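Take a first walk through this model. Begin with one small detail, then step back to the whole.

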Amino acid sequence: MSDNNNQCSSNDSDQANDQDWLDPVFLRTHFNDKSIMVGVSGGIAVYKVCTIVSRLAQAGANVTVAMTPAATKFVTPITFQALSGNPVYTTSWEHIESQDPQHISLADRCDAVLVAPCTMNTLANLVQGRTDDVLTLILSAVDRKRVPVVLAPAMNDAMWSQPSNLRNVELAVTDGFTLVGPGVGWQACRHSGTGRMSEPADCLKALQQAMKE
Ligand SMILES: Cc1cc2nc3c(=O)[nH]c(=O)nc-3n(C[C@H](O)[C@H](O)[C@H](O)COP(=O)(O)O)c2cc1C
């Protein structure tokens, strides 16, 4: 599977190389003043998302991070709070803001959403319309006619190849989610195969392309 499955049109940005897609000055032209929701689910590739959040914040984006309970086992919310400069949402039941209900106001203000890593479980939840953690609850309220949602799946190659997962991938594409990756290669479980989360530069490029469609 290619590193970017969405049907993005080409433009000048396509001439940029991987380094450009990590360069805050270059990224500023695409993300400055944009409200980006980063949904983090519980996979080992969470560490790559620290780079994504940091670069978006450096580029002038207003980044809000929502984490599933499993994601907080891999990286603590304080890391994303420090990198984004904003509160991190880890539960539906503690309202950080005065507006009520919080998931609606968060969804309303997004210009784009990136779910990374998108676990097998969160992908299944999204295509089934489940809303029992704060990430999927916010996503359930996102107006997808206006706001692109990019998923960066990440999992072991056997998990990726499960018929149930492949069905969910197909459903996600049919439902209008944009997928970036997964890539092929070394995995944290010491397997090599399909399921690596796309690199931060590829995720940022996919997000920008989805925003301009
Ligand atoms: C060490 C460890 C690594 C894991 N890595 C992944 C992963 O890369 N991808 C994945 O889909 N699930 C992975 N899982 C399983 C998920 O954490 C588990 O399915 C969890 O319920 C996902 O919840 P969430 O989708 O709500 O975040 C891992 C679990 C453990 C214990």
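Which residue just after helix 3 takes a positive phi? Gly-85 does, with a phi of about 75 degrees. Keep in mind that this model is predicted.

Now look at helix 3 itself, residues 77-84. Phe-80, Leu-83 and Ser-84 are buried there. These three cover an arc of only 85 degrees around the axis, which means that they sit on the same side of helix 3. What do the buried residues of helix 3 pack against? Their partners are helix 2 (46-58), strand 2 (62-67) and strand 3 (88-89).

Step back to the protein chain. It has 9 helices and 8 strands. The C-alpha trace spans about 45 × 40 × 30 Å along its principal axes. A compact globule of 213 residues would have a radius of gyration near 17 Å, and the protein chain has 16 Å, so the two agree. Of the 213 residues, 44% count as buried. Contacts also reach far along the sequence. Among those between residues at least 6 apart, 76% join residues at least 24 apart.

Turn last to the ligand. There are 16 residues around it. Ser-41, Gly-42, Gly-43, Thr-68 and Thr-119 come nearest. Which helix gives the largest share of this shell? Helix 5 (residues 120-128) does, with 3 residues. By type, the shell divides into 8 nonpolar residues, 7 polar and 1 charged.

How values were computed:
Residues numbered from 1 in each chain as written. Predicted model: local features only at pLDDT ≥ 70, side-chain atom pairs only at ≥ 80, totals over all residues. Near = placed C-beta within 6 Å. Helix = DSSP H or I, 4+ residues; strand = E, 2+ residues; numbered from the N terminus. Nonpolar A, V, L, I, M, F, W, Y, C, P; charged D, E, K, R; others polar. Rg over C-alpha atoms; globule rule 2.2 N^0.38 Å. Buried ≥ 20, exposed ≤ 12 C-beta atoms within 10 Å, placed from the backbone. Contact = placed C-beta atoms within 7 Å. Arc of directions from axis to C-beta.
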